[in-house]
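Reader: Before I use these coordinates, I would like to learn how to read the features of the fold one at a time. Could we go through them slowly, with the general idea first where there is one?

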Amino acid sequence: MEAKMTDQTEDTFQSFHHAEKTTDEPLIRVMALHALAYCERLYYLEEVEEIRVADANVYSGRRLHDKIDKGPDIYSLELASERLGIRGKIDCVKRRSGELVVSEHKKGKSNKGEEAWPSDRLQVLAYALLLGEHTGEQINEAHIRYHADNRTIKIRVSPEEAEKEVEAAVQRAWQLRSALQRPPVTASEYQCRTCSLAPVCLPEEERFSEEQGDRKVQRLFPQDDERRVIHLVEQGASIRKDGEQFVIYLTDGTKKQLPGRQIGSLVLHGNVQISTQCIHFCAANNIGVHWLSFGGHYVGGLQPGSGGVQRRVRQYQALSDPGLCRQLTRRLALAKIENQLRYILRATRDKKQDSRDKETELAIEQLRASIKALSSLDGDAAQKVENEDTGKEPIDFIRGHEGIAGRIYFSLLPRILKLAEDDFLAFDGRNRRPPRDPFNAMLSFGYALLYKDCVAALQAVGLDPSFGFMHTPRSAAYPLALDLMDLFRLILWDIPLIGSVNRKQWSKDDFAVTGKQVWLNADGRRKAISIYESRKQEKWKHPVLNYSLSYARTIELEARLLEKEWGGQPGLFAGLRLR
Ligand code: SF4
């Protein structure tokens, strides 16, 4: 008969964190050692950059621990050791045949039904050492229960050997803590498929980059964001919290309830109130809050999430290099102009005659000339531009082409819009700050929505939107968000907007005029938001990585690919092209 723990033994098993409190350096969590043994990149992302993603696997692991039968000899026990430099929480401690045994529960399967996985083994060895030090008893055995294949693997513990293994792991963990660069992705592709941080790590995209495109990328990045974006446009409305629900109070006295966990972000337009409790809830649950002015100008936002200093330092170092800024600017400008050209070619082709008028042909040739000039601008050629008597820096040369192409593109829009000359939406060139006609009001409003999404994506990735490469900090807008936006202006707003105009979806009643300024009113804003948000949900095939995902997710994906430009796997950012 197996001995039960005595009350006295139970009393000694109290949680304590004295070691944590008396050391200058934080103790390494045993779960962090588990991550380290699984994949060094995973350890770095979680423990050094402090990125945590609670995916379905993590939640089902938590549920498993909730469901475990809490018999008389099962405890959830927190222990720490300054000598070992670790701390952790043991699932369960049993007394069997007079000896204490560490017992862990795992949701998955054992290794071939025969042994424990190396990361699980290291974890229980570390627990055995903690338990041994705390109780003064020698721990000779640890059990790991694998629920998926219903197996219990027993591990013999030799305290000397265990201490050597754990000590080596702790040392490696400290080495990695002081590194600025992420370790390489694991060689075991199989491990990535079940890794909760794959959407952040993008291992398949890195392998694709290393193998120079000679590989079919398996999509580990989520195709869609299941959480909703809620825009509040009614002036005087307010939003409060009731338990885990948001409650929206409208000015006519009605109210609407929204389950908090289903919301990805709240966008408050103009005079809309939000309670402090709501803001706390959003911050705690990774829900973005964005404030836009009545006119659609981005005022600011709350984007919770980790802001690892390593990512910022890497970004500042990289974007302080003029050569890298020039390369990125050239690629971004090329992407923008090529997409403008593709769209113009598609939208101006007269299907009956398979031809275009002369002015359009001339404009198209100018766009092609800009693409040719930028395409040939590799390292040496860029230097030549710098040395010519133009007095221009190569980056200004690129910006110059980008600016000219933009003016040509907007000059061609009236040919794409199916409008009578005197139509209230007739477009005669871009103007802003403030917009002076309805079409420009719509353009500006849509770009503000896109800007908000680009700021949010950069912050979610942990980049500083203030530090860009093509745009310089001349305005209140974040330069890196403006850079990222340039990839999406045409795809996410111009194309659906022009489609809606040509389908006659707009009326004069959607606009408000103040002096020479034109704004979208509440109805107009709702219409624009609906067009923009629907477009974001559309799926498309990423032209470089060749897997499909929503446009909404593409914004974050491109922000992550941008970060890889200085993370050792360059060449994937700004490959977006209209098909
Ligand atoms: S996705 Fe793969 S390489 Fe990246 S952290 Fe996870 S296991 Fe490691």
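Author: Let us start with a sheet, keeping in mind that this is a predicted model. One open sheet has 4 strands, which follow the order β11-β10-β9-β13 with mixed pairing.

Reader: Which strands stand at the edges of this sheet?

Author: The edge strands are β11, residues 255–259, and β13, residues 273–274, and because each has a single partner strand, one side of each is left without a neighbour in the sheet. The partner of β11 is β10, residues 245–249, and these two strands run antiparallel to each other over 5 bridges. One bridge joins Y249 to K255 of β11.

Reader: Which helix packs on the sheet, and what does it touch?

Author: Helix α11, residues 276–284, packs there and touches β9 (238–242), β10 and β13, with a direction that makes about 65° with that of β9.

Reader: How should I read the interior of the protein?

Author: In soluble globular proteins, nonpolar side chains tend to be buried together. In this chain of 579 residues, 39% are buried. The largest nonpolar core has 145 residues, of which L33 and A128 touch the most other members, and helix α17, residues 438–461, gives the most to this core, with 16 residues. If neighbours within four places in sequence are left aside, A128 is in contact with V102, I139, A142, V157 and A162.

Reader: And what lies around the ligand?

Author: The ligand has 13 residues around it, and those that come nearest are C39, V185, C192, C195 and C201. Two or more residues of this shell come from each of α4 (40–48), α8 (189–193) and α9 (198–201), and α4 gives the most, with 3 residues. By character, the shell divides into 10 nonpolar residues, 2 polar and 1 charged.

Reader: How do I judge a backbone angle such as phi?

Author: Most residues other than glycine have a negative phi. L202 has a positive value, near 50°, and N286 likewise has a positive one, near 55°.

Reader: Where is L202 found, and is L202 buried or exposed?

Author: L202 is found in the loop between α9 and α10 (203–210), and it counts as buried because 26 C-beta neighbours lie inside 10 Å, where the cut-off for burial is 20 or more.

Reader: How many C-beta neighbours inside 10 Å does N286 have?

Author: N286, which is found in the loop between α11 and β14 (288–292), has 16 such neighbours and therefore counts as partly exposed.

How values were computed: Residues numbered from 1 in each chain as written. Predicted model: local features only at pLDDT ≥ 70, side-chain atom pairs only at ≥ 80, totals over all residues. Pairing = 2+ DSSP bridges. Contact = placed C-beta atoms within 7 Å. Axes fitted to C-alpha atoms, helices over the stretch in contact; angles between N-to-C directions. Buried ≥ 20, exposed ≤ 12 C-beta atoms within 10 Å, placed from the backbone. Near = placed C-beta within 6 Å. Nonpolar A, V, L, I, M, F, W, Y, C, P; charged D, E, K, R; others polar. Core = buried A, V, L, I, M, F, W, Y, C linked by C-beta atoms within 7 Å.
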